[in-house]
Amino acid sequence: MGLQVFIDGSFFPEEEAKISVFDHGLLYGDGIFEGIRIYNRRLFMLEEHLDRLYSGAKVLKLEIPLEREELSERIRETARLNDLSEGYVRLVITRGKGDLGLSPLNCSNPSVIIIVSTIQIYPERVYTEGLHLVTTSTRRNNPDSLSPQIKSLNYLNHILAHFEVVQAGVDEGLVLNDSGYVAECIVDNFFSVKDGVIITPPTNAGALYGITRLVVFRLAEQLGIEIREENLSLVECYTSDECFLSGTAAEIAPVTHIDSRQVGDGRPGPVTKKLMEAFGDFKRVNGVPID
Ligand code: PXG
């Protein structure tokens, strides 16, 4: 049996899982999403993902048609049905079907889509050897235009940055904000380590309030490693002792080269390795069981 996709209360086989061409998610990118991991038959950090989803919906005046408890139950049901012990949940809320004008007021029924599959965005080797980054000329959205805190269905900013990564022949991009400070990576949060202290850009510098970033804060605290939110310049990144990134798809991954400069000794650093190990343990036992 192929994948079973949840759309608005029913399950459909992957090939038959379709939405209207009049859905404003398609026509205008009007909607939001979450990417959630399943580890060991548990939905990792589910509550935190739902917090972010419902906050984004509130900003966009998007009425999620399911109460939080019911949505949570539907996600568990979809995960069970697809029987993946290790997997990835893509939860999408679109504005729903409307007419060809952009007004969301014409869309009376937002859609809920739940896809459960797998995801791997980097090859295995980067976890032992480290990622090479390039600073992209595409900058993070200015919060005055579209808050980077909203995980919207419009990722064109990130897609343009991704083209630059491909052109440079590297693994990932470092994205700056309008002030020239590091915001984050394209779909990950970014961290620098200097003299044993972890520094990461504050969310008001254009970093998404990442759920894995939150886990990094918790693990650092448990491990007794100081972690601070501060603006990071490129010079500070180049001269870090070590760097790493975090994200639902990436987990925690070492960064060893930025713009053709070697970070530290060019190998994954000790703080990064400690966090990766702690994350490996943490993810096995935390999360909402799908059964
Ligand atoms: N910044 C941005 C812009 C992101 O989109 C993160 C940081 C990391 O946040 P989390 O909460 O995941 O730790 C993201 C996450 C996908 C995909 O399918 C994208 C993300 C996560 C999972 C899958 O491209 N973005």
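**Exercise 1. State which domains the assignment gives for the protein, and describe the contact between them.**

Step 1. Domain 1 (4-117) and domain 2 (126-285) make up the domain assignment of the protein; the bounds come from an automatic or database domain assignment. The model is predicted: local features need pLDDT of at least 70, side-chain atom pairs count only at pLDDT 80 or more, and totals for chains, interfaces and linings use all residues. Residues are numbered from 1 along each chain as its sequence is written, and side-chain values use heavy atoms, with hydrogens and water left out.

Step 2. Taken over C-alpha atoms, the centres of domain 1 and domain 2 are 26 Å apart. Domain 1 puts 25 residues into the contact and domain 2 puts in 21 residues, where contact means heavy atoms within 4.5 Å.

Step 3. The size of an interface is often given as the accessible area lost when the parts come together. Between domain 1 and domain 2 the buried area is about 1900 Å², with 65% of this area from carbon and sulfur atoms. Buried area is the accessible area (1.4 Å probe) that two parts lose on being put together, summed over both. Phe33, Tyr39 and Arg52 supply 32% of the area that domain 1 buries against domain 2, more than any other three residues.

**Exercise 2. Count the salt bridges, and give the closest N and O distance in the pair of Arg218 and in the pair of Asp291.**

Step 1. A salt bridge is a side-chain nitrogen of Lys or Arg within 4 Å of a carboxyl oxygen of Asp or Glu. This rule gives 18 salt bridges.

Step 2. Two salt bridges are counted between domain 1 and domain 2. Arg218 pairs with Glu48, with 3.3 Å between the closest N and O atoms.

Step 3. Asp291 forms a salt bridge with Arg41, and here the closest N and O atoms are 2.7 Å apart. Asp291 lies in the segment after strand S16 (288-289) and Arg41 in the loop between S3 and strand S4 (42-43), so the pair ties together parts that are 250 residues apart in sequence. Helices (H or I, at least four residues) and strands (E, at least two) are DSSP runs, numbered from the N terminus.

**Exercise 3. Describe the largest pocket by volume and lining.**

Step 1. On a 1 Å grid over the protein atoms alone, a cavity is a set of points where a 1.4 Å probe fits but cannot get out, and a pocket is an open set with protein on both sides within 12 Å along at least five of seven lines; lining residues have an atom within 4 Å of a point. Points are joined across faces, edges and corners, and a volume is the space filled by probe spheres set on them.

Step 2. The volume of the largest pocket is about 700 Å³. It is lined by 37 residues, and those closest to its centre are Lys151, Tyr155, Ile186, Val187 and Asp188.

Step 3. Each of domain 1 and domain 2 gives at least three residues to this lining. Among the elements with at least two lining residues are strand S5 (87-94) and helix H5 (156-168).

**Exercise 4. Find the cavities of 30 Å³ or more and what lines them.**

Step 1. The count is two cavities. The largest has a volume of about 60 Å³, and the second largest about 30 Å³.

Step 2. The lining of the largest cavity includes Arg37, Tyr39, Phe44 and Ile211. Strand S3 (31-39) and helix H6 (211-223) are the elements that give two or more residues to this lining.

Step 3. Residues lining the second largest cavity include Phe33, Arg52 and Lys151. S3 and helix H2 (46-59) each supply at least two residues there.
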